[in-house]
Amino acid sequence: MAKAGTIGTIAAALVLFGCVIAAVHHAEVVAHRVGEPFGTLVLAIAVTVIEVSLIVSLMLSDAGDASTLARDTVFAAIMIILNGIVGICLLVGGIMHGEQRFQLRGVSAALCTLASLAVLTLALPNYTVSTPGPSYTTSQLLLVAAVSLLLYAVFVMVQTVTHRGYFMPADDSDEEAHAPPPSDCTAWTAFGALLAALVVVVLLAKALSSTVEKAVLSAGLPLAIVGVVIAALVLAPESLAAVRAARRNRIQTSLNLALGSALATIGLTIPAVAVVSLIIGLPLALGIGAKSILLLALSLFVATISLGTGRTTVLQGAVHLVIFATYLFTTVVP
């Protein structure tokens with residue numbers, strides 16, 4: 001039975017990887033049809049909706065500590081995106097193309113919104129005094145959920161309507177971007193296949209999460225690692241798509257994907273989890289610890305500086321990856 005369980009786990013992991021590859025391919029087809037920045041928005045929202053479903057289902061099934069699962073997963077997603085994905089994209093793009101350019105105004109807008117959302121949802125709960133511990137009262141939680149959703153909605157409006165040019169490539173040299181777009185039929189077929197692949201990803205991630213949780217607990221490791229694994233599994237399609245875009249010298253697309261995903265992770269996940277916790281009566285701890293606050297502040301500070309010139313090199317990528325490696329190590333060895 002143990003052998004069969006191991007074989008099943010390996011098979012599930014292989015199918016999961018295949019679905020990730022398929023999701024990236026179909027997302028790129030849809031993105032090419034609708035154009036930037038709508039294309040990157042499609043994958044960001046789709047993956048985040050799947051992430052919300054996964055977190056809520058795990059909370060309802062009492063997998064681990066339900067009160068901290070959402071917090072750990074959201075914080076892990078931010079660190080993976082802001083340091084891991086961005087770091088790899090900048091490093092790969094710098095190695096292959098030397099220096100890459102992007103629209104500074106769009107990235108600045110995204111970082112400004114991300115910093116506000118991260119502090120309001122993950123840091124401020126530690127300093128409110130109406131309730132003990134890293135939690136909000138019902139009214140405070142409703143306010144933060146509404147503000148998070150509002151800020152994300154305003155950002156999407158700016159990204160896709162009022163200031164769309166801020167998120168377009170800084171130059172027009174990408175031949176692939178000017179290739180004939182696929183037909184409507186092909187795009188809709190790819191969109192349906194993308195949704196199907198993402199559903200399979202979340203179902204397999206949910207199935208594998210219990211195995212990961214048992215392995216973490218049996219190894220005596222912190223339970224926060226489960227949140228890291230969940231976030232990594234769910235963000236795999238976006239990660240691969242962002243790195244592929246950086247390799248093709250499309251760093252603007254990479255940053256749109258990465259920062260847009262981080263914003264969607266907070267702007268959609270926190271309100272959804274907050275509503276579910278209030279309706280069902282589940283406890284919800286959002287405040288992260290002092291070590292995590294320091295790493296979050298460092299990540300936002302470094303991202304603001306490294307992406308503050310409109311040009312990137314391998315150095316910025318290396319710095320982000322060092323912070324990411326430190327985050328992973330201190331999660332395992334707190």
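**View 1. P169 sits in a loop and has a partner far along the chain.** P169 is part of the loop that runs between α5 and α6 (184–218). This is a predicted model, and each view here zooms in on one piece of it. With a relative accessible area of 38%, P169 counts as partly exposed. Look for T253 as well: the C-alpha atoms of P169 and T253 are separated by 7.4 Å, although the two residues are 84 residues apart along the chain.

**View 2. P134 is another loop proline with a far-off partner in sequence.** Find P134 in the loop between α4 (104–123) and α5. Its relative accessible area is 26%, so P134 is partly exposed. Which distance separates P134 and L286 in space, C-alpha to C-alpha? It comes to 6.0 Å, while in sequence P134 and L286 are 152 residues apart.

**View 3. Stepping back, here is the whole set of elements.** The protein has ten helices and two strands. Starting from the N terminus, the order is α-α-α-β-α-α-α-α-α-α-β-α. How many of the 334 residues count as buried? The share is 51%.

**View 4. Helix α5 has many buried residues.** Helix α5 covers residues 138–162. At 1.5 Å a residue, its 25 residues should span 36 Å, and the end C-alpha atoms are 34 Å apart, which agrees. Among the buried residues of α5 are L141, V144, Y152, F155 and V156. Polar names turn up in that buried list too, including Q140, S148, Q159 and T160.

**View 5. A nonpolar patch lies on the surface.** Four residues, L150, V154, M157 and V161, make a nonpolar surface patch of about 370 Å². Pick out L150 to get your bearings: this residue is found in helix α5. Is L150 buried or exposed? At 55% relative accessibility, L150 is over the 50% cut-off, so it counts as exposed.

**View 6. Helix α9 has a buried face and an exposed one.** Helix α9 takes in residues 290–306, and its 17 residues should span 24 Å at 1.5 Å a residue. The end C-alpha atoms are indeed 24 Å apart, so the two values agree. The buried residues of α9 are S292, L295, L296, S299, L300, V302, A303 and S306. Seen down the axis of α9, these buried residues fall within an arc of 170°, so they line one face of the helix. And which residues sit on the face turned away from the buried side? That face carries the exposed residues A290, L294, F301 and I305.

**View 7. Two salt bridges are worth a close look.** Side chains of opposite charge can pair when their charged atoms come close. The structure holds two such salt bridges. One of them joins R71 and D72, with the closest N and O atoms 3.3 Å apart. Both of these residues, R71 and D72, are buried. Another joins the side chains of E99 and R311, at 2.8 Å from N to O. E99 lies in the loop between α3 (66–97) and β1 (100–101) and R311 lies in strand β2 (residues 311–312), so this pair ties together parts that are 212 residues apart in sequence. E99 is partly exposed, with a relative accessible area of 43%. R311 is partly exposed as well, at 39%.

**View 8. Aromatic rings meet in pairs.** The count of aromatic pairs comes to four. In one of them, F75 and Y327 are edge-to-face, with 5.6 Å centre to centre and 85° between the planes. This pair links distant parts of the chain, since F75 is in helix α3 and Y327 in helix α10 (residues 314–332), 252 residues apart. F75 is buried, with a relative accessible area of 6%. Y327 is buried too, with 3%. Ring pairs also bring in F324, linking F75, F324 and Y327 into a cluster.

**View 9. N249 has an unusual-looking backbone angle to check.** What is phi of N249? It is near 65°, a positive value in a residue other than glycine. N249 has its place in the loop between α7 (224–247) and α8 (251–280). At 36% relative accessibility, N249 counts as partly exposed.

Terms used
Residues numbered from 1 in each chain as written. Predicted model: local features only at pLDDT ≥ 70, side-chain atom pairs only at ≥ 80, totals over all residues. Heavy atoms only, no water. Helix = DSSP H or I, 4+ residues; strand = E, 2+ residues; numbered from the N terminus. Expected span 1.5 Å × (residues − 1). Buried < 20%, exposed > 50% of the residue type's maximum accessible area, 1.4 Å probe, protein only. Arc of directions from axis to C-beta. Patch = residues over 30% accessible without salt bridge, like charges linked within 9 Å, V, L, I, M, F, W, Y side chains within 5 Å. Areas by Shrake-Rupley, 256 points an atom, 1.4 Å probe, with all protein chains shown as cover. Phe/Tyr/Trp six-rings, centres within 6.5 Å; stacked < 30°, edge-to-face > 60°.
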